[in-house]
Amino acid sequence: MYQNSDSEQLEIEFFLPFGGHLKGDNRWVVLAHKIPWHEFESEYASQFSQSQGAPSLSFRIALGALIIKERMTLSDEETVEVIEESPYLQYFLGFKEFQQERPFHSSMMTHFRKRITSELLARLNDRIVQQYRETKDDSDRDFTGDGGTLIVDATCTPADVRFPTDISLLNEAREHCEKIIDTLWDNSEKTGVKPRTYRRNARKAYLNEARSKRSSAAKRRKAIRKQLNFIRRDLATIEALGMIDTLSSKQYRQLLVASEVYRQQFEMFKERKHSVADRIVSCSQPQVRPIVRGKAGKQTEFGAKISASVVDGFTYLDRISFDSYNESEDLPSQIEAYKKRYGVYPKKVLADQIYATRKNRKYCKERGIVLSGKPLGRPPKDGYSDEQKEEWRQNECERVPVEGKFGQLKRKYSLGRVMAKLAHTSEIVIRIAILVVNLAKIHCLQIFFYIQRLINRLFSFYGRLLFQ
């Protein structure tokens, strides 16, 4: 049952049992007034019953807890602990007074990530940036409204998976099949000897290959063949036992993943190849795919690939996919999203060379947009002029902020290793990180403009004294 209690919180009259009051310039107090909680409350509440069930937690608590976790780079358990200890964090979550007990169990963080949709976070991110642009002073405006600069790029957000090898994937799939056989046998009414799985021999064969410091291709192929035979036997045993409907949803999912891993690995083994369509690289996260990036020291990354755009220092997530794709295909949709947000097309688009395709160049030329990058074709015999080279160098310097945003998201926040396991929760973690980056940007800008106005007033005051 959903109960909305956010409207009952007073501005700053937060009751503290030990006396005192909250500072109005605290970052969490300021941040609490920058997020339009009530605009998205009804959409979140529509998932719950209005008359039945235990009282649920509000949208402000759900989203606020995820923001705290991402802003302070904490685990779910530590997030609940710091909320219990800090009155400022409890005020940020919308509580009317300080509570000396935990507001909710740490397991609720998982439910928060499942209940908040990606579309809601995307619209909330746009609304926060739009709200900031509408409320800041004219002297602080850095966007004139007649078109600006759009910076686009793509990156991979690595998932929390070990580096995949064929033998380790087969071993994990085999262990899942063995546990499923044990469960099915316990659920059945059959008597006698349980079907043999040869798990000790299979484990020994796996360790002989995994612990080998130097393994030849022939030895590795022999070890893979053994694991394939063990899994084939286990899958046949599961089919013979039946009663698959008695499995839990988790075990049924593991069975489907193990079957697909066996099919892919058997196809690669039989045809002597090392790639297959939609290849599974993790049994716990089957949605993860290998993303070939070609970076120094990291030829392949495993996680979601995202396309992002940066405008005036604010970041927007335009696309997220666990399958590899060519990011140049996203440029038209990113430009149209810019027009939808700002009302005009950008004057200039700064992008990597991969975006400078003929199709994208034609699209930008028809709309009067300057797309950065060298022209296609062979260079002229006399070479490029110094002005052209300086323009390209300047464009590359202006494109740097998008790389800085990716570095900030991966080093300061959690996108360096996304710990969520499901596809939906992983996407929520990524969108929350981008939302937090924009909130931090707004907070820093307000501090900067405040100091700037203070300095201007000081110079104006002392200037009048000198002239007097």
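How many salt bridges does the count come to? In this predicted model, the count comes to 31 salt bridges, and several of them appear in the close-up views below.

**View 1. Glu175 and Arg203 form a salt bridge between helices H8 and H9.** The closest N and O atoms of Glu175 and Arg203 are 3.5 Å apart. Glu175 belongs to helix H8 and Arg203 to helix H9, which spans residues 199–210, so the pair ties together parts that are 28 residues apart in sequence. Both ends of the bridge fall into the partly exposed class, since Glu175 has a relative accessibility of 29% and Arg203 has a relative accessible area of 37%.

**View 2. Lys194 and Asp182 meet through their side chains in a salt bridge.** The N to O distance in this pair is 2.9 Å. Lys194 sits in the loop between H8 and H9, whereas Asp182 is part of helix H8, so the bridge ties together parts that are 12 residues apart in sequence. Lys194 counts as partly exposed, because its relative accessibility is 34%.

**View 3. Arg174 is a buried residue of helix H8.** Helix H8 covers residues 166–187 and includes Arg174, which counts as buried because its relative accessibility is 1%. The side chain of Arg174 is joined to that of Asn171 by a polar contact of 2.4 Å. When neighbours within four places in sequence are left aside, the residues in contact with Arg174 are Arg199, Ala202, Arg203, Gln227, Phe230, Ile231 and Asp234; one of these, Arg203, is also the salt-bridge partner of Glu175.

**View 4. Glu267 and Arg263 form a salt bridge within helix H11.** The closest N and O atoms of this pair are 3.2 Å apart. Because Glu267 and Arg263 are 4 residues apart in helix H11, about one helical turn separates them. Glu267 is partly exposed at 23% relative accessibility, and Arg263 is likewise partly exposed, with a relative accessible area of 40%. Salt bridges that share partners join Glu260, Arg263, Glu267, Glu271 and Lys273 into one network.

**View 5. Ile244, Tyr252 and Leu256 form a nonpolar patch on the surface.** Together, the three residues have about 260 Å² of accessible area. Leu256 lies in helix H11, which runs over residues 249–271. With a relative accessible area of 47%, Leu256 is classed as partly exposed.

Technical notes:
Residues are numbered from 1 along each chain as its sequence is written. This is a predicted model: local features need pLDDT of at least 70, side-chain atom pairs count only at pLDDT 80 or more; totals for chains, interfaces and linings use all residues. Side-chain values use heavy atoms; hydrogens and water are left out. Patches are made of residues with over 30% relative accessible area and no salt bridge: like charges are joined within 9 Å, nonpolar side chains (Val, Leu, Ile, Met, Phe, Trp, Tyr) within 5 Å. Accessible areas come from the Shrake-Rupley method with a 1.4 Å probe; for residues, only the protein chains shown count as cover. A salt bridge is a side-chain nitrogen of Lys or Arg within 4 Å of a carboxyl oxygen of Asp or Glu. Helices (H or I, at least four residues) and strands (E, at least two) are DSSP runs, numbered from the N terminus. Buried means under 20% relative accessible area, exposed over 50%, partly exposed in between (1.4 Å probe, protein chains only). A polar contact is a pair of N or O atoms within 3.5 Å; within protein, one must be able to donate a hydrogen and the other to accept it, and residues adjacent in sequence count only if both atoms are side-chain atoms. Contact means heavy atoms within 4.5 Å.
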